[in-house]
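How do two protein chains meet, and what does each side bring to the contact? Take a look at the model, then follow the walk-through below.

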Amino acid sequence: MASANVHPASEPARWKYLDSVRTRPGPFTDASTFNGSVVARAMETMKVLVIGAGGLGCEILKNLALSGFKDIHVIDMDTIDISNLNRQFLFRQEDVGKSKAEVAARFVEKRVRGVRITPYNCKIQDFDEDFYMQFQLVICGLDSIEARRWINATLVGLVDENIEDSYKPLIDGGTEGFKGQARVIFPTVTSCIECQLDMHAPRAAVPLCTLASIPRQPEHCIEWAHVIAWDQEKPFPQLDKDDPEHINWLYQKALDRAREFNIPGVTYSLTQGVVKNIIPAIASTNSVIAAACCNEALKIASNCAPSLGLPDANYMMYSGNDGIYTYTFRHERKDDCPVCGGQARDLPADAAWTLRELLDSLAARPEAQLRQPSVRTATKTLYMQLPPSLEEQTRPNLDKTLAELGLDHGQEIVVTDPAFATVIFMFKLKFKSR
Amino acid sequence: MYTHPILPENLSAIEAYAQRHKTPLVAIHSSGFYSYFQINLPGAFPIVDTHPDETATTDLRLLSPWPELTAFAAELTKDIDGLDDVEHGHLPYVVILLHYLERWKAAHDGKYPATYKEKTEFRKMVQAAARTDNPEGGEENFEEAAAAVLKTLVPPSLPSGLREVFEYKHPEPVEQRSGFWLIADAVKQFYEKHQCLPLPGKLPDMKAQSKVYIQLQNIYKAKARSDAAEILQIVQASPGGERVDPAEVDLFCKNAAFVKLINATGGEGDASISRADRLRSAAAREFANDETAALTLSPLSLLPVYLALQAAGTRAAAAAEAVNHVGSSAGHSSNSSSGGAISADEILATIAAQVPGAEKNERVVQAAGEVARAAGGELHNVAALTGGMVAQEVIKIVTKQYIPIDNTCVFDGIASRCQVLRL
């Protein structure tokens, strides 16, 4: 087995170790898909798209370049902030304010000879399907669930069963403190990010009445300053969460309120954390998760070993809090997934709810998480966010109950959201039995 | 920190240094899709600040309330049926549960609900007490109370991590013990006297009026403070106790249920078991588990990966040493990491010498084949991933926060998973 020949494409000495693994079969290699003589060349010409050039993105770009990929593209709309420098190691102090995608691309190109990295300093939504069609592999290092859902829906939408090249494997990494996950999605074949949405439940929102009249925790005081006091007093035209003056205003307001109710624990850094919803990022976790993602990329691109997704496990959960623990498992596709399923998904509701309450529940439910929903049935428009004229026309429906709107148990409704323009979410109302 | 393969003479120099200076050692080995790293700590390593999940830390003492808590709950509920809807709907769930526990006891010979069946009955009793004739058609605080029944109605017990600390047999005399061990002894005395641990004092958020919640929070805090003061007193009365920082006592009391001892058997009696014996018994245990893994739906052991890697490392180091001896006369310096192409058969032969019989295990044979394919070379991703995990563990050891691995972590980049083994 190990006597099989090594097949270097170029610079045999430089890629000696990589070539001995990727161009020779091992005991776990699937012989029906593996051809060692073409691997190195195929990886050099393969177009790989990286989404995000932040904590994970920096690691991913470096890892891909040192794994034999040579045509890498990267999208990031952000500019470099001083607080990024502790872990986003492709950036230096003099880069603050510049485009992350551009600086990261130049750094890796300079460091790893022969690699071409094409940066795009913009949003993923700025590109159309033709743009995404050119890639053979997509790797995400994002901190936003919304962007993940968007690229997932786009890649699932690209699939045309008559065109083999329309299946773009999607590798997604995410971290939070010492925890993270790496997953592989073969669009329409394995469970997609929308199928797995309930794995990322949004934090439970605190009821408004708690903020307004019975705060108990320092966070309640900060949220009060953020949601209520700011709106009432408008100390600045627009809240800028990165402006210390604004955060300080919220902190002082929260502190006053906390004193009024004898609640201890309001600090400046807690204020910043609550308002910006900061998830602490740790460099070592980024290293682990990005490397796990790129390891899958190498396996998918070379077939030299089975990757996640086919045929068994497609999801690796990682936790470094208590020792080191991974749980690698198979997340099943969902028939009622709005992106890759096709069946309407059950939506618990109540005939006595107003339409507004139904829409609020769409924002809060872990499996929906739709913040700007427009709703209709097959025959009737219930509420539209846009255009403004239609919004005004349908607004009175918000205060009508579902019963008044003629919606019954089992009724199918169609929901769209501008954040996921291409996706039609179908739900079937399930009224609580009384 | 050092990486395999390493020349035996270099390794013994490093180990001697670490032993002399009581320095933690980390050995790292990455080759192809496989890697492992191994942490060697100088003796037992206790951690207080383990950062358990928020939800796990709730300790409300509902089955052993102290007088102030009982009095507070009784006062708020003495006319529970006469309360208006706002007051009734804002009773903190702790108070609701304490009130109905008293009623339950009155109807059950003074006994608390103990079995699962009794607890679900008790939960029904709480649910039935919620008012439903209000505009909301229910009460959120009663829902919170019902949801908390199974989780919070647990009698005080001694968690296994702390039990291990209590039972640890010290190799060194009392006078030389660190603050941690002096506090642990004091907590043990406290536990033996009161049959419960010092109260952590944290109250989770719950539906309540601000003022009532803060009062209740202060009752928990006051009790926690008095428990910690009692422990501090015991500490200060013990030899060497006067130099212990009271803040350290506070932290221990808050985290007592989650205190953890790593590398515990490094203490007494463990030195007599050789590394080779430990590996053989780990192999017997892991291979036995694998026999039933399909039934228990548990993942297969990654010990074969470890065996294959370290066998290849041993071979490579020996080969490099031989080259070194021959080559030194020719002024030729060796590079141990390119000690390189070891065949699968050579790897299996080395394993057979260490763990007789393991070389016939099918998964060991596969792992040896995979290690042979790598020819001693690293893949960038696997090295980066392993380095990330090592950095994380070093952070935990240096800061004494969270829980480090005990003591070997094996990574399989083909299955994309890890296993921690004690080897």
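**From domains to interface**

Start with chain A of this predicted model. The domain assignment splits chain A into domain 1 (46-200 + 281-329), domain 2 (208-275) and domain 3 (345-431). Domain 1 of chain A is thus written as two segments. Measure from centre to centre over C-alpha atoms: domain 1 of chain A and domain 2 of chain A lie 35 Å apart.

Now turn to the contact between the chains. Chain B contributes 53 residues and chain A contributes 50 residues. Together, chain B and chain A bury about 4100 Å². Of that area, 59% sits on carbon and sulfur atoms. Three residues stand out on the chain B side. Arg373(B), Asn381(B) and Gln392(B) supply 18% of the area that chain B buries against chain A, more than any other three residues.

Next, the polar side of the interface. Two salt bridges are found between chain B and chain A. One of them pairs Lys179(A) with Asp53(B), with 3.8 Å between the closest N and O atoms. Polar contacts across the interface amount to 28 residue pairs, both residues at pLDDT 80 or more.

Which elements of chain B supply at least two residues each to the side that touches chain A? They are strand E3 (34-40), helix H9 (210-237), helix H14 (362-374), helix H15 (380-399) and strand E7 (417-421). H15(B) gives the largest share, twelve residues. By residue type, the side of chain B that touches chain A holds 27 nonpolar, 16 polar and ten charged residues.

Terms used
Residues are numbered from 1 along each chain as its sequence is written. Chains are lettered from A and ligands numbered from 1 in the order in which they are written. This is a predicted model: local features need pLDDT of at least 70, side-chain atom pairs count only at pLDDT 80 or more; totals for chains, interfaces and linings use all residues. Side-chain values use heavy atoms; hydrogens and water are left out. Domain bounds come from an automatic or database domain assignment. Contact means heavy atoms within 4.5 Å. Buried area is the accessible area (1.4 Å probe) that two parts lose on being put together, summed over both. A salt bridge is a side-chain nitrogen of Lys or Arg within 4 Å of a carboxyl oxygen of Asp or Glu. A polar contact is a pair of N or O atoms within 3.5 Å; within protein, one must be able to donate a hydrogen and the other to accept it, and residues adjacent in sequence count only if both atoms are side-chain atoms. Helices (H or I, at least four residues) and strands (E, at least two) are DSSP runs, numbered from the N terminus. Ala, Val, Leu, Ile, Met, Phe, Trp, Tyr, Cys and Pro count as nonpolar, Asp, Glu, Lys and Arg as charged, and the others, Gly among them, as polar.
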